[in-house]
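Reader: I am new to reading protein models, and I would like to learn how to look at one feature after another. Could you take me through this one slowly?

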Amino acid sequence: MKIFITFLLLLGLVHADDEFKDIKDGYFKSYDYEQMQRYDEAIKVLAPLYKKYPNGYTLNLRYGWLFYLNKNYNNSIKYYKKAALVNGYALDPKLGLIRVYLDTYSYHKAETTAYELLKVDYYNYYANLYAIKALIAQKKYDIANKIISKMLALYPTDIAYLEQLAIVYKLTSNKYLQKLYEDILILDPNNVLVRTNLK
């Protein structure tokens, strides 16, 4: 009897090892295709896993990302939303959704989703950055400026936030724009935004 139980346990372990290998292989192949920018293939190699685990958080999140990279925005939204349902506490799916909304010029949706995320994590780096981009696109410069100030208080030398400030300054003809450009160049001498706008 002991031998039989041990045999069954070994079968279970072997099955678990095979399952782990299948999952690992699928993900690794998907990563390789992504590196080659072959997004269709990166999605296809995960299809057998998705059939087995349609409610898997990481699978839905990965599908959301890959469809986003492939510019298939409707599917990207679908899988990001599913990932958010699977794990209601996770922030990644909402960040993914905001990226999609920004790329599809759905600025109000991007702003709303960013605010939902910021209710949970007020100082979230990317949620604040994406909210600013959505606000600038909607010409809500005063609100964008308040968020920029909040984040620059925490990250005073952060180039991404300084660039957003420069964009707001340029769009509102702020007299300190040239000085800000110079300050950015001290931190990032080859900054593309400044180099293309500096007079």
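Author: Let us begin with a charge and a ring, keeping in mind that this is a predicted model. R99 lies over the face of Y68, and the distance to the ring centre is 5.9 Å.

Reader: Which ring has the charged end of K150 over it?

Author: That ring belongs to Y123, and the charged end of K150 sits 5.5 Å from its centre. Y123 also takes part in a nonpolar surface patch of about 420 Å², which is made together with Y122, L154 and Y155.

Reader: Where in the chain is Y155 found, and is Y155 buried or exposed, or something in between?

Author: Y155 is found in the loop that runs between α9 (141-154) and α10 (159-171). Its relative accessibility is 34%, so Y155 counts as partly exposed. Besides its place in the patch, Y155 belongs to one aromatic cluster with Y125, Y126, Y130 and Y161.

Reader: How should I read a pair of aromatic rings?

Author: The general idea is that two values describe such a pair, namely the distance of the centres and the angle of the planes. In this structure the count comes to 15 aromatic pairs. One of them joins F28 and Y31, whose ring centres are 6.3 Å apart and whose planes stand at 40 degrees, so the pair is tilted. Both residues lie in helix α1 (residues 2-35), three residues apart, which is about one turn of the helix. F28 is partly exposed, with a relative accessible area of 47%, and Y31 is partly exposed as well, with 37%.

Reader: What kind of aromatic pair do Y50 and Y79 form?

Author: Y50 and Y79 form an edge-to-face pair, with 5.6 Å from centre to centre and 90 degrees between the planes. This pair links distant parts of the chain, since Y50 is in helix α3 (residues 47-52) and Y79 is in helix α5 (residues 73-86), 29 residues apart. Y50 and Y79 are both buried.

Reader: What is the general idea behind a nonpolar core?

Author: In soluble globular proteins, nonpolar side chains tend to be buried together. Here the largest nonpolar core has 42 residues, and those with the most contacts inside it are I98, I132 and L180. Several helices each supply at least two residues of this core, among them α4 (57-69), α6 (92-103) and α7 (107-120).

Reader: Which helix gives the most to this core?

Author: That helix is α8, which contributes eight residues to the core.

Reader: Let us turn to charges. What lets two charged side chains pair, and how many salt bridges does a search of the whole structure find?

Author: Side chains of opposite charge can pair when their charged atoms come close. A search of the whole structure finds six salt bridges. One of these joins K21 with D25, where the closest N and O atoms are 2.8 Å apart. K21 and D25 both lie in helix α1, four residues apart, or about one turn of the helix. K21 is partly exposed, with a relative accessible area of 46%, and D25 is partly exposed too, with 26%.

Reader: Which residue meets R62 in a salt bridge, and which helices hold the two residues?

Author: The side chain of R62 meets that of E34 in a salt bridge of 2.8 Å, N to O. R62 lies in helix α4 and E34 in helix α1, so the pair ties together parts that are 28 residues apart in sequence. Both R62 and E34 are buried.

Reader: How far apart are the closest N and O atoms in the salt bridge of D183 and K179?

Author: They are 2.7 Å apart. D183 and K179 both lie in helix α11, four residues from each other, about one turn of the helix. D183 has 30% relative accessibility and counts as partly exposed, while K179, at 45%, counts as partly exposed as well.

Reader: My last topic is the backbone. What should I know about the sign of phi?

Author: Most residues other than glycine have a negative phi. Q37, although it is not a glycine, has a positive phi of about 60 degrees. Q37 lies in the loop between α1 and α2 (39-44), and at 59% relative accessibility Q37 counts as exposed. S173 is not a glycine either, and its phi is positive at about 55 degrees. S173 lies in the loop between α10 and α11 (177-187), and with 65% relative accessibility S173 counts as exposed.

Terms used:
Residues numbered from 1 in each chain as written. Predicted model: local features only at pLDDT ≥ 70, side-chain atom pairs only at ≥ 80, totals over all residues. Heavy atoms only, no water. Patch = residues over 30% accessible without salt bridge, like charges linked within 9 Å, V, L, I, M, F, W, Y side chains within 5 Å. Areas by Shrake-Rupley, 256 points an atom, 1.4 Å probe, with all protein chains shown as cover. Salt bridge = Lys/Arg side-chain N within 4 Å of Asp/Glu carboxyl O. Buried < 20%, exposed > 50% of the residue type's maximum accessible area, 1.4 Å probe, protein only. Phe/Tyr/Trp six-rings, centres within 6.5 Å; stacked < 30°, edge-to-face > 60°. Lys NZ or Arg CZ within 6 Å of the ring centre and 35° of its normal. Core = buried A, V, L, I, M, F, W, Y, C linked by side-chain atoms within 4.5 Å.
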